Structure formats: structure tokens, C-alpha cells
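Colleague: I would like a close look at one part of this entry, the hairpin, and then at what lies around it. Please start from the pairing and work outwards.

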Amino acid sequence: MTIQKLAEEWLEWFVWDKDREIYYLKENAPYELLEVVRMAHGDMLPDNYKYEFIVEALEAIADYDGDEDDIEELADDLEADCYDSDLLEWLNSHSIRTWYVDKAVEEMGHGGGIMEDIAMGQVEEKREVFFTVLEDLRENLEEDDEEWG
């Protein structure tokens, strides 16, 4: 099985509730996927932004048609929300998000203003989630390879 195929399989377990505008997992989702969701959340309670970023990462990986050794480059294509109101909503949704902004500014310097700093912080969180998902997909594929020998 390829990493893209496993990402596709995991995507099938996510449901978008258009009325409440949230993602959730179907009942009886695989334990491995539940672990990815828990790891992506860290110490946070369930958070729709995290779910959204997990789905975004899985979609990017599932659609990737390049050399699997270069799949990390997908993280370079992650983008922040384009509307200031959406960025402010993201920032205001949890206090940890200020940490992402601070980390991004520390690593890259200030952007062209506060909204650009916030956008860089959102991308920082998306990158963290992306690499958590990617690492877990790889670990699950390695375990499958060892299991089937």
C-alpha cells in the first residue's frame, strides 16, 4: 500500500457536517486514525481547526503524484486563510494559537503587519499538523510492512 492510498482510506472516515460547519469522525474509526487525531490536538480539547488541518493534510498527501521521498515539500504549499476575519477567528479560538504566531515570527521575522504575522502563525500550525499526519501515515505503513513481512 502507498502513503497516498492510506491517506485516501483515512479521509473516508471524516464527515463534514455542513449545518454545524464541523468535521467529525465516523463511528468505529480505526484506532490508528484516532491516535493521529489525538496527537495532532496535543493538549487541546477537540477543535475543528485541527480537524480541518488534518483533513487538508490527508487530502494533499492523497492527491500527491510525485516521488514519495519528496512528499515533505507539500508543507511548502500550505497557505493561511485569505480573509482577515477568518484569521482573527482562528487566533481567537484558542489561546495556544498566539504561541504559533510568536513561533513563526521568531523563526521568520515580522511580516508586513500584524495580519501577516497571524497568517504566518496559522501556517505554522498547519505545518505542525501536516508533519504529525505524515509521520503517522509512514509509521502505519512501516508497521504493515513488518506485519506482512
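In β2, which residue is the bridge partner of Phe 14?

Modeller: The bridge partner of Phe 14 in β2 is Leu 25. This is a predicted model, in which local features need pLDDT of at least 70 and side-chain atom pairs count only at pLDDT 80 or more, while totals for chains, interfaces and linings use all residues. Residues are numbered from 1 along each chain as its sequence is written, and side-chain values use heavy atoms, with hydrogens and water left out.

Strands (E, at least two residues) and helices (H or I, at least four) are DSSP runs, numbered from the N terminus. β1 covers residues 14-17 and β2 residues 22-25. The two strands are antiparallel, with 4 bridges; strands count as paired if DSSP finds at least two bridges between them. Together they form a hairpin with 4 residues between the strands, and Glu 21 in the turn has a positive phi of about 55 degrees.

Side chains alternate along β2: Tyr 23 and Leu 25 are buried and point to one face, whereas Ile 22 and Tyr 24 point to the other and are not buried. Buried means under 20% relative accessible area, exposed over 50%, and partly exposed in between (1.4 Å probe, protein chains only).

On β1, Asp 17 counts as buried because its relative accessibility is 17%. Leaving aside neighbours within four places in sequence, Asp 17 is in contact with Ile 22 and Tyr 24, contact being heavy atoms within 4.5 Å. The side chain of Asp 17 also reaches two residues of the turn region. One is Asp 19, whose backbone nitrogen is at 3.0 Å; the other is Arg 20, through a polar contact of 2.9 Å between the side chains. A polar contact is a pair of N or O atoms within 3.5 Å; within protein, one must be able to donate a hydrogen and the other to accept it, and residues adjacent in sequence count only if both atoms are side-chain atoms.

At the other end of β1, Phe 14 leads into the core. The largest nonpolar core has 43 residues, and Phe 14 is among those with the most contacts inside it, as are Ile 54 and Val 133. Such a core is a set of buried Ala, Val, Leu, Ile, Met, Phe, Trp, Tyr and Cys residues joined through side-chain atoms within 4.5 Å. β2 is one of the elements that each supply at least two residues of this core, and α1, α5 and α6 are others. The largest share, 10 residues, comes from α6. Ile 54 touches Phe 14, Val 37, Ala 40, Val 129 and Val 133, not counting residues up to four places away in sequence.

Next, the helix before the hairpin. In α1 (residues 3-11), the buried residues are Ile 3, Gln 4, Leu 6, Ala 7, Trp 10 and Leu 11. They cover an arc of only 165 degrees around the axis, so they lie on the same side of α1; the arc is that of the directions from the helix axis to the C-beta atoms.

The core also has a polar neighbour in α6, where Glu 125 lies. Glu 125 is buried, with a relative accessible area of 0%. A polar contact of 2.7 Å joins its side chain to that of Arg 97, which is one of the buried residues of α5.
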